[in-house]
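User: I'm new to reading protein models and would like a close look at a single part. Could you go through it slowly with me?
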Amino acid sequence: MSAPAAAPRKGHNVAIENDVESHLHPTPSWEVADHPMPTGREEIWRFTPIKTFTPILSELALESSQEAGVIDVDVRGAEGITVTDLAASELNGLAETPQDRLSALAAADPHAVNHRLVIPAEAELKVPVEITVNGHNDEISCHHNVVVEIGNHAQATVIVRHRGVARLGENWTFRVGDGAQVTVLFVQEWDDTAIHGAQISFEIGRDATVRTAQASFGGKAVRISQTASYNGPGGNLTQLGVYFADAGQHIEHRLFVDHNAPSTESHVDFRGCLQGKDAHSVWIGDVLIRPVAEDIETYESNKNLVLTEGCRADAVPNLEIQTGNIRGAGHSASTGRFDAEQLFYLQSRGVEEAEARRLVVHGFFTDIVRRIGVPEISEELVARIEAELVENLGASTTVEED
């Protein structure tokens, strides 16, 4: 099957109609020189531990990436999809324009592992497309670029897993056709020493429905920048996320939704737990409503539950509104400990305190896992959450009946 011709890439916050300058998101560029080495004082880097990410931020990453076999990528899925390799020179014109230094270095690497995956128009995939990125070395930097093209009125689920050890910089571009219905789930389950930075971009066609989810558990440091824009009216986007930061671990999710078309919707709900000394989570949610984006609706929410002393959760929701002719726009963010009323309610009914805490955390995450709507992975996510709880709260005291 031949791949469709590429449409011009526009990138966010560049020369398009009703462009709006903002310090909250960078100017896209394919040139690494346009993205200087960050100091940590820049708005988009001020919550990121620069020293930890230096192995994939420095241009030395391009030299070390020449080593082969650092990662391997396995793609499995339904018949009818097409997977081809891409040269670095083919990315410009296919992939989204890099938004920061991490993504620019990944796109510029001539030794990167690059793929293009095409799901044809009208396809109704009965099983998910599963992409597994396995890392084998945490001393050599490497890069990975993927373009996923989903045809008009296609129905598909894509599951991406990251495993093993690596110093990895990535770009993912999802180009979703008109009327398509797509679910995309990323699961970060790295080993403890992995460092991972990624730009994930969604271009949403007219009347398309897109549901995305991030489940971040493993790794020493993970920084995911996720952007979305619309190629026509009627697009509907839901972005969900769960994360669990342990002692010394940094997990960062940055979201930018560009409402650049009328009658579009976006809804964001991320929830995280933190436990252990120096566990650090970052959630940045930015929604830009351009003058042309009339009759839109958007809401973003982030909730963090702190389980132990010594944790830090940073949550910053932003709304940039350039027109008042909208259906609604709102945001919220909260960080707190266990709900005393919930614990009292459970303990008053004979549930021991440790088990009551476990039940509260399970309830905190259950709604998100249910809304992801991918049965093939729901049990996997619940099991991973349970494993995290065992480390901090011990094994469940509940006795299962036959």
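Does Cys 273 count as buried or exposed, and what is its relative accessibility?

Analyst: Happy to help! Cys 273 counts as buried, with a relative accessibility of 0%. Buried means under 20% relative accessible area, exposed means over 50%, and partly exposed lies in between (1.4 Å probe, protein chains only).

A word on how to read this: the model is predicted, so local features need pLDDT of at least 70 and side-chain atom pairs count only at pLDDT 80 or more, while totals for chains, interfaces and linings use all residues. Residues are numbered from 1 along each chain as its sequence is written, and side-chain values use heavy atoms, with hydrogens and water left out.

Now, does our cysteine have a partner? A disulfide is a covalent bond between the sulfur atoms of two cysteines; here it is taken as a pair of cysteine sulfur atoms within 2.5 Å. The closest cysteine sulfur to that of Cys 273 belongs to Cys 311, and because it lies 9.8 Å away, it is too far for a bond. Cys 311 is likewise in no disulfide, and the structure as a whole holds zero of them.

Next, let's look at some strands. Helices (H or I, at least four residues) and strands (E, at least two) are DSSP runs, numbered from the N terminus. Strand 12 covers residues 265-274 and runs parallel to strand 10, with ten bridges joining the two. Two strands pair if DSSP finds at least two bridges between them. One such bridge links Thr 238 with His 267 in strand 12. Strand 10 (residues 236-245) is also joined to strand 8 (residues 209-216), again in parallel, by eight bridges; there, Thr 209 has Asn 236 as its bridge partner. Nine of the ten residues of strand 10 are buried, so this strand is largely enclosed by the rest of the structure.

Finally, how far can you trust the picture? pLDDT is the predictor's confidence in each residue, from 0 to 100. The protein averages 87, and 85% of the residues score at least 70. Confidence is highest in strand 7 (residues 195-204), at a mean of 98, and lowest in helix 4 (residues 340-347), at 59. Over residues 1-8 the pLDDT stays under 50, although the model has 14 contacts (heavy atoms within 4.5 Å) for them beyond four places in sequence. Residues 398-402 are also below 50, with one contact beyond near neighbours in sequence. Where pLDDT is low, the predicted coordinates should not be read in detail.
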